Amino acid sequence: MKKLFVLLLCIAAFANTDKTAPNKDLGAYDPVYQIKIGKYPKFETEMVLKDGRHIKFCCVKAMMNFYFHPEKFPEYGVKSRKEVEKMYVKDFLSGEKIDAKKAWYVFGSRMVGPHGDDLIPLSSKARAELFVKRYGGSRIIPIEKFTYGLIRYLDM
């Protein structure tokens, strides 16, 4: 009888487990890939909205996915990219937080991000060139050259 009670107690505990818990705490997981924020600190990025809210992402690719189509994530209440005030990335080599618009990005390197191929941010074009010599890369591009097609290509 005691074993049956313990078995029923275990079944009840597992039955009440909420499988959607990661989505309830919007700040704990990346909105695009549902990867835990903090798991890959070298790749983390951040978006600051005009209303003062901060949204963190696991990588550049995730942040740009959100930037190009925020309407795909209605739980964040962002209707347009015009609501974005600032975006920050980390220089991959130093870990320094930098303005995403001032960074240079390496495309096609051997370095793989938290969700596969990604754009690797660096604080200057010279640092990006050094990165390419060490880790490879086919192009160094500024954020102004990003397109949604490029981001989708990285997700293939």
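Here is a walk through this structure, from the overall layout to a few individual residues. Keep in mind that you're looking at a predicted model.

Let's start with the big picture. The chain has 156 residues, and 39% of them are buried. It is built from 5 helices and 7 strands. If you trace it from the N terminus, the elements come in the order α-α-β-β-α-β-β-β-β-α-β-α. Look at the contacts between residues at least 6 apart in sequence, and you'll find that 58% of them join residues at least 24 apart. On the outside, the chain exposes about 9,500 Å², with carbon and sulfur atoms supplying 59% of that.

Now head inside. The largest nonpolar core has 41 residues, and the ones with the most contacts inside it are Phe66, Tyr105, Leu119 and Phe146. Several elements chip in: β1, β2, α3, β3, β5, β6, α4 and α5 each supply at least two residues of this core. Which element gives the most? That's α3, with 6 residues.

So α3 deserves a closer look. This helix covers residues 60–68, and 8 of its 9 residues are buried. Among them are Met63, Met64 and Phe66, but also Lys61 and Asn65. The buried residues of α3 pack against β1, β2, β3, β5, β6 and α5. Leu119, another of the core residues, touches Val60. Its other contacts beyond four places in sequence include Tyr105, Phe107, Ile141, Phe146 and Leu154.

Next up are the charged residues. Side chains of opposite charge can pair when their charged atoms come close. In this chain the count comes to 5 salt bridges. One of them joins Lys97 and Glu46, whose closest N and O atoms are 2.8 Å apart. Lys97 sits in strand β4 and Glu46 in strand β1, so this pair ties together parts that are 51 residues apart in sequence. Is Glu46 buried or exposed? Its relative accessibility is 10%, so Glu46 counts as buried.

Strand β4 also takes part in another salt bridge, this time through Asp99, which is 13 residues away from its partner Lys86 in strand β3. Their closest N and O atoms are 3.1 Å apart. Asp99 counts as buried at 16% relative accessibility, whereas Lys86 is partly exposed at 34%.

A further salt bridge joins Asp91 to Arg127, with 2.9 Å between the closest N and O atoms. Here a residue in the loop between β3 and β4, Asp91, is linked to Arg127 in helix α4, 36 residues apart. Asp91 is buried, with a relative accessible area of 0%, while Arg127 is partly exposed at 27%.

Stay in that loop for a moment, and you'll find Leu93 there too. Leu93 is partly exposed, with a relative accessible area of 39%. Beyond its sequence neighbours, Leu93 touches Leu122, Arg127, Phe131 and Tyr135. The C-alpha atoms of Leu93 and Ser123 are 9.1 Å apart, although 30 residues separate the two along the chain.

Finally, meet Glu44, in the loop between α2 and β1. Why doesn't the nearest side chain of opposite charge, Lys90, make a salt bridge with Glu44? Lys90 is 4.3 Å away, and a salt bridge needs the nitrogen and the carboxyl oxygen within 4 Å, so the pair falls outside the cut-off. Glu44 is buried all the same. Its side chain does reach the backbone nitrogen of Gly38, at 2.8 Å. Glu44 also touches other residues, including Ile37, Phe57, Cys58 and Val89.

Conventions:
Residues numbered from 1 in each chain as written. Predicted model: local features only at pLDDT ≥ 70, side-chain atom pairs only at ≥ 80, totals over all residues. Heavy atoms only, no water. Helix = DSSP H or I, 4+ residues; strand = E, 2+ residues; numbered from the N terminus. Buried < 20%, exposed > 50% of the residue type's maximum accessible area, 1.4 Å probe, protein only. Lys, Arg positive; Asp, Glu negative; His and termini not counted. Polar contact = N/O pair within 3.5 Å; in protein donor to acceptor, adjacent residues only side chain to side chain. Contact = heavy atoms within 4.5 Å. Areas by Shrake-Rupley, 256 points an atom, 1.4 Å probe, with all protein chains shown as cover. Core = buried A, V, L, I, M, F, W, Y, C linked by side-chain atoms within 4.5 Å.
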